[in-house]
Amino acid sequence: METNRIYRGRLIDHVHLVVKDVGASKRFYTAIFETLGIPLGGEGEGFFWADELFISSATSPAALGVLTGRTHLAFQAQDRPSVDRFHAAALAAGGKDNGAPGVRPYHPGYYAAFALDPDGNNIEAVHHGPAERSAESIVVRF
């Protein structure tokens, strides 16, 4: 597949992961979010969220008592050092190495690292290399 233009921020509204241990997941995700400049959006009994990602326990009313299966999530990083910090923070927060920081063959400039979260989800941070963005992000107001 040849791709000359990619779009971000228009396909996914939100992702919901249902996890075994919300505390362990919160420690893991808070650590990696800090390295990527992603603030925690909020939290409550049995859940927390950041931007489009919502994470809850199986007892959350939104979860219906069922854990989600293995998922791959890729977070955008501002630069290569952010990818490196992501990987180190993920391992320090209980994640397992699933691919050290490095160049990947997906397209020129693709630099990424992978870690498994406490539930075995494959979490990636990626910097796409030199690129021009049409916008940093969108804002939805209610």
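In this predicted model, Phe75 is in contact, once its neighbours within four places in sequence are left aside, with Tyr29, Ile32, Phe33, Leu36, Ile38, Leu53, Ile123, Glu124, Ala125 and Val126. Phe75 is also one of the residues that touch the most other members of the largest nonpolar core, a set of 24 residues in which Tyr29, Ile32, Phe33, Leu53 and Ile123 share that distinction.

**The nonpolar core**
- Two or more residues of this core come from each of strand E1 (15-19), helix H1 (22-36), strand E3 (47-50), strand E4 (53-57), strand E5 (72-76), helix H2 (80-92), strand E7 (111-116) and E8.
- Among these contributors, H1 gives the most to the core, with six residues.
- In soluble globular proteins, nonpolar side chains tend to be buried together.

**Val19 in strand E1**
- Val19, which has its place in strand E1, has a relative accessible area of 1% and therefore counts as buried, the cut-off being under 20%.
- Leaving aside neighbours within four places in sequence, the contacts of Val19 are with Ser25, Ile55, Ser56, Ser57, Ala58, Leu67 and Asp119.
- Between Val19 and Gly41 the separation is 22 residues in sequence, and their C-alpha atoms are 18 Å apart in space.

**Phe142 and the surface patch**
- Phe142 lies in the segment after strand E8 (122-127), and because its relative accessibility is 98%, against a cut-off of over 50%, Phe142 counts as exposed.
- Together with Ile138 and Val140, Phe142 makes a nonpolar surface patch of about 460 Å².

Methods:
Residues numbered from 1 in each chain as written. Predicted model: local features only at pLDDT ≥ 70, side-chain atom pairs only at ≥ 80, totals over all residues. Heavy atoms only, no water. Patch = residues over 30% accessible without salt bridge, like charges linked within 9 Å, V, L, I, M, F, W, Y side chains within 5 Å. Areas by Shrake-Rupley, 256 points an atom, 1.4 Å probe, with all protein chains shown as cover. Salt bridge = Lys/Arg side-chain N within 4 Å of Asp/Glu carboxyl O. Helix = DSSP H or I, 4+ residues; strand = E, 2+ residues; numbered from the N terminus. Buried < 20%, exposed > 50% of the residue type's maximum accessible area, 1.4 Å probe, protein only. Core = buried A, V, L, I, M, F, W, Y, C linked by side-chain atoms within 4.5 Å. Contact = heavy atoms within 4.5 Å.
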